[in-house]
Amino acid sequence: MSPRLFSSTHALAAVVAVLLLGQALVVGQAPSPTTKAPTAGKVWTPPRTPDGKPDLQGIWSNGTLTPFERPKGLGTKEFYTDQEFAELASRVRKGDVGEEADIGAAREQTLRYDLSLYGFDLTKARFASNKRTSLIVGPDGVVPPMLPEAIKRNADRAAKNKGHEFDGYENRPLQERCILMGQERLPMIPPVNDNNLLQIAQGPGWVSMLHEINHHTRVIPTDGRPHISQNIRQWQGDSVGRWEGNTLVVDTTNFTGLTANFRGSGEKLHLVERFTRVGDETIIYQFTVEDPTTWAKPWGAEIPMMKTQGPIYEFACHEGNTMISTILRGARVAEEEAAQKTAK
Amino acid sequence: MRNWFSDSIIARVAVVGVLSLTATSALGQAPAYRAPRTADGKPDLNGIWQALNSANWDLQGHAAATGPVPLLGAVFAKPPGLGVTEGDEIPYLPAAAAKKRENQANWVKLDPEVKCYLPGVPRATYLPYPFQIVQSPNVIMISYEYAGAVRVVNMGTPTKAPAESWMGWSNGHWEGDTLAVDVTSQNEATWLDRAGNFHSDALHVVERYTPLSADTLNYEALIEDPKVFSRPWKISMPLYRRVEKNARLLEFRCAEFAEEVLYGQLRKKPGN
């Protein structure tokens with residue numbers, strides 16, 4: 001994770017996120033999202049919008065304990081047993097976890113947040129239950145190795161900036177510049193327990209998604225209109241959606257070649273996301289990414305999202321950005337001092 | 001909370017009375033148009049909309065003028081406009097009028113739009129970019145192409161802002177075919193146009209979106225701010241639907257276009 005911006009909006013976002021964590025529901029009580037739909041006994045009918053579409057509306061959190069990639073020791077084991085999961089959940093509540101659970105900002109050693117200041121109590125942390133050993137699905141459970149051309153592409157980009165990191169704003173990471181926050185990038189990977197919220201609203205023919213981080217909003221057509229011209233390249237690509245049964249399928253292309261979009265990928269990145277409501281309180285979010293210039297095969301992940309209370313606070317990153325000017329001013333002062341020393 | 005709520009209702013009722021009187025007289029007769037309904041029976045305002053005027057240059061009537069960058073010639077000259085302010089007068093208190101003139105004189109340096117800051121309400125509506133209304137029974141999400149700004153209008157029981165923000169806190173309700181939105185808790189950093197018209201953190205805006213035809217809305221904003229204005233005042237303008245077949249909002253993440261203005265002077269100098 002790149003350095004954070006310590007703006008007041010960030011602090012505010014942090015407070016909100018931690019308060020959310022503080023809600024009194026313990027690990028393991030949310031419906032298990034490891035299957036496509038609840039099976040045992042009771043019949044659950046997915047809610048519908050007034051115009052008859054599956055209703056995904058509300059505010060959702062993707063806070064999770066499940067690490068993105070599978071811990072090495074687990075091999076091809078994709079799921080914990082009920083007993084193993086119960087033991088893991090119990091260890092998490094005591095703060096005793098290794099690679100098996102990513103508790104992110106809830107770690108005592110995470111300096112970003114003084115947990116006691118926010119009244120945070122790990123024993124009351126609320127996360128969707130997930131018996132997966134990693135968010136990445138499949139036997140590998142890890143990001144596939146990058147193709148040589150992708151390694152070279154990313155290395156070339158880094159080499160170009162080397163030695164110039166403090167020359168000007170254009171040499172700073174997009175995240176610092178509030179142009180594209182790391183965890184704002186698509187697909188939506190859970191950040192380390194802040195900015196986990198997503199608000200969905202649906203109108204006829206459109207689904208609007210407000211991602212808490214950097215107030216990133218996608219207004220996705222579901223009326224069959226095609227992607228925009230390939231000549232138009234955008235930081236977050238172009239998303240079009242369609243309904244498949246109870247699932248909203250969102251197809252995103254038109255990413256730029258200016259940045260290593262998602263995990264080192266290039267402008268050929270093709271993302272397919274699937275949103276399926278499996279209970280009153282849960283949406284299963286699945287994605288598959290492919291990019292023939294980056295990976296030899298498509299890969300993807302599955303992330304449960306829990307219904308939660310709002311509101312989503314405004315995330316005004318650029319407006320509160322004092323980081324770029326502070327860093328550059330610091331570099332200029334250091335150069336000035338060095339020049340004076342040489343002159344003496 | 002209760003006091004705040006009932007006060008705002010009383011204010012709103014008063015405002016509504018005044019506005020409906022003026023709307024009727026302005027149009028000469030009661031509008032006959034009835035908007036199509038959504039599946040849950042509400043007027044359907046869904047769509048991509050845009051103002052087609054020069055209100056963002058100046059809310060008051062203005063003649064064309066040289067633009068701020070002489071090198072750009074006619075390309076970025078200030079276009080003329082009839083004005084969108086009722087009576088064409090903005091009722092500044094004396095000290096505020098002086099500040100407005102100062103803002104105008106230092107426009108390029110001071111206007112938050114130059115810096116790509118979130119625009120606030122009502123300016124978001126008449127910036128020269130489209131915005132999109134996505135209407136559901138409980139919330140109406142309004143997304144703006146400019147800076148990716150967004151508002152979530154709460155259509156349930158009115159709630160109070162948890163904190164001040166750039167885009168404010170919006171509670172909406174229906175009055176016949178009109179969507180009325182009460183906007184509070186905006187910070188004082190946004191402006192109303194490029195002419196230096198401004199407000200304080202006491203700004204209270206009541207917006208009214210009224211369908212006029214399948215592809216036009218009337219937009220009104222009643223603006224009150226006792227720290228800056230001697231009385232509430234009103235702007236109004238039509239909004240037009242973007243009817244292109246493949247219309248949608250594109251990215252205008254303008255932070256990157258404002259960096260030279262904000263940070264360019266801190267770039268490493270050649271030789272250092």
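These exercises, each with a worked solution, concern a predicted model of two chains, A and B.

Residues are numbered from 1 along each chain as its sequence is written, while chains are lettered from A and ligands numbered from 1 in the order in which they are written. In this predicted model local features need pLDDT of at least 70, side-chain atom pairs count only at pLDDT 80 or more, and totals for chains, interfaces and linings use all residues; side-chain values use heavy atoms, with hydrogens and water left out.

**Exercise 1. Confidence**

Task: State the predictor's confidence in the complex and in chain B.

Solution:
- Start with the complex. The predictor gives an ipTM of 0.88 and a pTM of 0.87.
- Turn to chain B. Its mean pLDDT (the predictor's confidence in each residue, from 0 to 100) is 91, and 88% of its residues reach 70 or more.
- Now look at residues 1-28 of chain B. Their pLDDT is below 50. Beyond near neighbours in sequence, this stretch has 23 contacts (heavy atoms within 4.5 Å) in the model.

**Exercise 2. Two chains in outline**

Task: Set out the secondary structure and burial of each chain.

Solution:
- Elements are DSSP runs, numbered from the N terminus: helices are H or I with at least four residues, strands are E with at least two.
- Chain A has 4 helices and 9 strands. Its order from the N terminus is α-β-α-α-β-β-β-β-β-β-β-β-α.
- Chain B has 5 helices and 9 strands. Its order is α-β-α-α-α-β-β-β-β-β-β-β-β-α.
- Next, burial. Buried means under 20% relative accessible area, exposed over 50%, partly exposed in between (1.4 Å probe, protein chains only). Of the 344 residues of chain A, 54% are buried. For the 272 residues of chain B, the share is 52%.
- Last, contact range. In chain A, 67% of the contacts with a separation of 6 or more join residues 24 or more positions apart. In chain B, 59% of contacts between residues at least 6 apart join residues at least 24 apart.

**Exercise 3. The interface**

Task: How much area do chain B and chain A bury between them, and which helices take part in the packing?

Solution:
- Count residues. Chain B brings 47 residues to the contact and chain A brings 50.
- Take the area. Buried area is the accessible area (1.4 Å probe) that two parts lose on being put together, summed over both. Here that is about 4,000 Å², 59% of it on carbon and sulfur atoms.
- Find the main contributors on chain B. B:Arg253, B:Tyr263 and B:Leu266 supply 17% of the area that chain B buries against chain A, more than any other three residues.
- Go to helix H4 (residues 323-343) of chain A. This helix has 21 residues and spans 30 Å from first C-alpha to last, close to the 30 Å expected. The expected span is 1.5 Å times one less than the number of residues.
- List its buried residues: A:Met323, A:Ile324, A:Ser325, A:Leu328, A:Ala331, A:Arg332 and A:Glu335. They pack against helix H5 (255-263) of chain B.

**Exercise 4. Strand S2 of chain B**

Task: Why is strand S2 (residues 131-135) of chain B described as largely enclosed?

Solution:
- Count burial. 5 of the 5 residues are buried, so the strand is largely enclosed by the rest of the structure.
- Sort by face. In a regular strand the side chains alternate between the two faces of the sheet. B:Phe131, B:Ile133 and B:Gln135 lie on one side, B:Gln132 and B:Val134 on the other, and all are buried.
- Add the partners. Two strands pair if DSSP finds at least two bridges between them. S1 (residues 47-51) pairs with S2(B) in the antiparallel sense over 3 bridges. S3 (residues 139-144) of chain B pairs with S2(B) in the antiparallel sense over 5 bridges.
- Check B:Gln132. Its bridge partner in S1 is B:Ile48. In S3(B), B:Ser143 stands opposite.
- Close the loop. A hairpin joins S2(B) to S3(B) through 3 residues.

**Exercise 5. Two acidic side chains**

Task: Are A:Glu273 and B:Asp111 buried or exposed, and what do their side chains meet?

Solution:
- Place A:Glu273 in strand S7 (residues 270-279) of chain A. With a relative accessible area of 0%, A:Glu273 is buried.
- Its side chain makes a polar contact with the side chain of A:Arg218 at 2.8 Å. A polar contact is a pair of N or O atoms within 3.5 Å; within protein, one must be able to donate a hydrogen and the other to accept it, and residues adjacent in sequence count only if both atoms are side-chain atoms.
- Place B:Asp111 in the loop between helix H3 (107-110) and helix H4 (123-126) of chain B. B:Asp111 is buried, at 0% relative accessibility.
- A polar atom of its side chain lies 2.9 Å from the backbone nitrogen of B:Glu113.
- Leaving out residues up to four places away in sequence, B:Asp111 touches B:Arg123, B:Trp191, B:Asp193 and B:Arg194.
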